[in-house]
Amino acid sequence: MTQLLRLLSVVWLAVCSLVWPVNAAMAAATPASVSAIGYYQLTEQDLARLQQQAEFASLPPAQFAQLKTLQQHIFRNQRIMSVALDSIGFAASIDKTALPPDAAEQATLRQLVFNNSFKAGHWPEQAPLPLNLQPSPRCGCAPEIVKQERFTNFSYGFVPYWQSGTNQITFSAFNRIGLYSFTLGDDNQLLSPPNWRNNRHFNDFINTAQAHNTYLDIVVTAFDRISYREVDLHRLRQQLVTELTTPMAGFALNNLQPWLSFGASSRRTLADGITFNLDLTALTVAEQLNFITFLRELRADLKLPPQATNTDGYFINLKVPAKAVLSGAKLPEEIANSMPALTLYNSDTLYAPDKLTALAPLVNLLLVQFDHSLEAKLSRSMPSGQDKYPFRREMKLLKSAIDAMPDTDKANLLLEKILPLFEVLPLQQSGQLATQDLRNDLTYANWNFSGAAFWTLPLTSSQYAEVQRAFAIQDSYGYQQYMQQICDRVCPKRWFWRLVLVLLLLAVAGLYLLATLFYYPLQRWLEHPAMLYGVPGVFTIGLLLILSCDPYWHQFQALILVAVLAFVVLGLVLYRRLQQRREHYP
């Protein structure tokens, strides 16, 4: 037995001596593959090193301060970090605000940021910072979207997951916000932002948005990594359905919502929709069909009707480049003659208006983004007497191109889903976002399209005021304004007040059953004026507040008031008969 153990030990040592050098050699031979697995994060030490670089010596202090806003935030790859740098205006890329002579310097600055922020391996579990969204002062609820046949105006805002500190958002000014951004890995593997976690510390911003009746969409950005094969799209669809339908954890009241709404409302989920940020320009015919089938099956999996409506439980939105739409549109002859730079016609793209009308019934909103190259062409082509603001000219050109479609119904189908995207920072830097200009552009977007979208939130207080002025119905009378102030406090806590009303009803019903079935002397306490008049009065006031301030029940207030009035009259009649019967008792 001892000899057998010795023999096994020798064999084990021999195997280890053979395997270990091979493994060590393999590890030493592939350092690049190990280091390629990593993430980007600007730490305090990284910023200190950057500040010592000669290239950063001439950088204005304000821009370096902007770079500090990204400190400690985690980025999966260089592409998503580049978007973050664009969003703060750091070393802006040439197609935004930069001048051509500065392009090389800007590329150098960005590359230094990428090199200094790269970290090998996977980020620590406790490293991601939660997104903190708080309502601005006196912020109420966004108005409920009702089903209309044509042109319901939406306001949409994008919120990057790397926003630092506490961000105040006027939720009442936005129907929906999009969390930017989920990305895609190999074989359409859905990759969530580092701080996307289903616990109260990380998902409180979702609860805050939904409490103010603002719906949250997840934005899916492909960065050219999406596969349009059927099997990969099927995998992506399953992952998206799971993300959207997962109940939000960490909030006890969320579990009671189906009971408090009598089944009319389900538990809140992590998200209320998807916004696809994909490049569909160069898709083959087969890939276009696969993507359309993908959208149809996604709607079916989410239990949505075949065609999108404003009251869908989940929204499916698509970000669209205006340049691709215009290149696939047949422009009116007078516009084509005056703008030869825009006459390149490409009807094969899925963004061509004729093909986009086949896609439009499957999506709820089309968020149209305008780019710098289109602005440059417009600046060279427009007559001197025309509108001087490129963004406004782009919107008008898009409207003219869609109006030129031979089928009016198809043109209206597109217009009722299109939201022009206001890129706030580039518009500010080019002087196109003054208060009056923003007001005029929002008015144009509301009258000619179906609202507006904004990249990125938060906005300034004056910009919030203009958005709210454009999308909210202004109160005309003093009592309406006073009532609105009350509703701004009641509406975000509406589920709590619903619970209070239900508990009040259950308590009164329980006392009545206890008094009539088990302890009759308790019944005289139920006839006390405080119980006889106080409880119904409190319940009536609470019900009126719910009907006036709760965006869901507000649409049913006439029906509920009639039902409540009928119950009150019936209760008074029964109580009067009971009193008359008691008067005849010996």
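Axes here are lines fitted to C-alpha atoms, for helices over the stretch in contact, and angles run from 0 to 180 degrees between N-to-C directions. Helices are DSSP runs (H or I, at least four residues), as are strands (E, at least two), numbered from the N terminus.

This is a predicted model, in which local features need pLDDT of at least 70 and side-chain atom pairs count only at pLDDT 80 or more, while totals for chains, interfaces and linings use all residues. Residues are numbered from 1 along each chain as its sequence is written, and side-chain values use heavy atoms, leaving out hydrogens and water.

**Exercise 1.** Describe how helix α3 and helix α6 cross.

*Solution.*
- Step 1: Find α3 at residues 44-51 and α6 at residues 103-117; their axes come within 10 Å and cross at roughly 140°.
- Step 2: List the residues that meet (contact means heavy atoms within 4.5 Å): Asp46, Arg49 and Leu50 from α3, with Leu112, Val113, Asn116 and Ser117 from α6.
- Step 3: Sort the residues of this contact, and you get 3 nonpolar, 2 polar and 2 charged. Here Ala, Val, Leu, Ile, Met, Phe, Trp, Tyr, Cys and Pro count as nonpolar, Asp, Glu, Lys and Arg as charged, and the others, Gly among them, as polar.

**Exercise 2.** Find which cysteines a disulfide joins, and say where they sit.

*Solution.*
- Step 1: Look for cysteine sulfur atoms within 2.5 Å, the cut-off for a disulfide. Cys141 and Cys491 fit, with S to S 2.0 Å.
- Step 2: Check the twist: the torsion about the S-S bond of Cys141 and Cys491 is about -110°, so the disulfide is left-handed.
- Step 3: Place the two residues. Cys141 is in the loop between β4 and β5, and Cys491 in the loop between α20 and α21, so the pair ties together parts 350 residues apart in sequence.
- Step 4: Now try Cys139: it is in no disulfide, and the nearest cysteine sulfur, that of Cys141, is 7.8 Å away.

**Exercise 3.** Is Arg237 buried or exposed, and what about its salt-bridge partner, Asp301?

*Solution.*
- Step 1: Recall that a salt bridge is a side-chain nitrogen of Lys or Arg within 4 Å of a carboxyl oxygen of Asp or Glu. Asp301 and Arg237 form one, with their closest N and O atoms 2.5 Å apart.
- Step 2: Locate the partners: Asp301 is in helix α10 and Arg237 in helix α8, 64 residues apart.
- Step 3: Apply the cut-offs for relative accessible area: buried is under 20%, exposed over 50%, and partly exposed in between (1.4 Å probe, protein chains only). Arg237, at 8%, is buried, whereas Asp301, at 35%, is partly exposed.
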